[in-house]
Amino acid sequence: MRFVILGGSGSGKSTQAQRLCRHFDIPLISTGEILREALKSQSSCCTIANISSNGRHVQPYVEKGELVPDETMIEFIRTRLNKDDINSGWVLEGYPRTAFQAEELDFLLNDLQQNLDWAIYLQVPEAVMVTRSLGRSLPDDQPEIVQRRVELFYNRTMSILEYYDRCRRLLTINGDQLPDMVEQNILTLLCVP
């Protein structure tokens with residue numbers, strides 16, 4: 001099974017991605033983790049040249065809280081999807097964030113002879129996303145930053161839903177429930193016991 005998890009900040013993407021990975025025994029591909037690894041490898045004295053140059057390239061974007069350029073992100077995803085542990089499937093969290101990225105991901109998967117099974121959208125009201133994000137007490141979860149991320153989600157990401165809906169690969173789940181219920185609803189829609 002190959003899944004993309006979609007939703008705004010505070011929608012429960014990370015939680016459900018981890019649960020799906022455990023359920024299907026497949027790896028989680030987290031773009032946040034990929035970027036942290038790139039930045040960490042930059043400071044390591046024993047890095048491979050292209051990884052450290054990628055770290056230098058993404059650092060300014062990450063420090064400002066901006067989206068890393070599409071061409072850089074798709075190369076990170078390509079590198080990760082070429083590893084051996086993804087043969088039985090994967091869950092991708094944090095990418096794509098725009099309809100253009102969704103198309104680029106489809107082109108990449110086609111090149112790699114892989115197919116995306118489902119894009120799972122965790123639908124959560126804006127007020128709930130804001131409340132959940134503010135409740136996490138992370139350094140970048142300040143009210144104005146959280147509000148900006150929610151606005152960006154609605155402005156940029158909603159077109160992904162239309163894209164995956166047209167491709168008949170969109171599952172919309174009510175994410176405004178307890179995590180166990182959300183997981184069970186996902187598995188039910190996937191027709192998995």
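The accessible surface of the chain comes to about 10,500 Å², and carbon and sulfur atoms contribute 50% of that area. The coordinates belong to a predicted model, and every value given here is computed from it. Of the 193 residues in the chain, 45% count as buried. Among contacts with a separation of 6 or more, 71% are between residues 24 or more positions apart.

The secondary structure consists of 8 helices and 5 strands. Followed along the sequence, these elements appear in the order β-α-β-α-α-α-β-α-β-α-α-β-α.

Strand β1, which spans residues 2-6, is a good place to begin a closer look. This strand is mostly covered, with 5 of its 5 residues buried. In a regular strand, side chains alternate between the two faces of the sheet. In β1, R2, V4 and L6 point one way while F3 and I5 point the other way, and all are buried. Two neighbouring strands are bridged to β1. Strand β3 (residues 90-93) runs parallel to β1 and is joined to it by 4 bridges; here I5 stands opposite E93. Strand β4 is also parallel to β1, again with 4 bridges, and in this pairing L6 has Y121 as its bridge partner.

Y121 leads directly from the strands to the aromatic side chains. The structure holds 4 aromatic pairs. In one of them, Y121 and F153 are stacked, with 6.3 Å from centre to centre and 25° between the planes. This pair links distant parts of the chain, since Y121 lies in β4 (residues 118-123) and F153 in helix α7 (residues 143-166), 32 residues apart. Both Y121 and F153 are buried. F153 also pairs with Y154: the ring centres are 5.2 Å apart and the planes meet at 70°, so this pair is edge-to-face. Planes over 60 degrees apart are what that class requires. Together, Y121, F153 and Y154 form one aromatic cluster.

The two α7 members of the cluster can be told apart by their exposure. F153 has a relative accessible area of 6% and is therefore buried, whereas Y154, at 29% relative accessibility, counts as partly exposed. The dividing value here is 20%, under which a residue counts as buried.

Helix α4 (residues 70-81) offers a view of another part of the chain. Its 12 residues reach 16 Å from the first C-alpha to the last, close to the 16 Å expected at 1.5 Å a residue. The buried residues of α4 include T72, M73, I74 and F76, and I77, R80 and L81 are likewise buried.

Key. Residues numbered from 1 in each chain as written. Predicted model: local features only at pLDDT ≥ 70, side-chain atom pairs only at ≥ 80, totals over all residues. Heavy atoms only, no water. Phe/Tyr/Trp six-rings, centres within 6.5 Å; stacked < 30°, edge-to-face > 60°. Buried < 20%, exposed > 50% of the residue type's maximum accessible area, 1.4 Å probe, protein only. Expected span 1.5 Å × (residues − 1). Contact = heavy atoms within 4.5 Å. Areas by Shrake-Rupley, 256 points an atom, 1.4 Å probe, with all protein chains shown as cover. Pairing = 2+ DSSP bridges.
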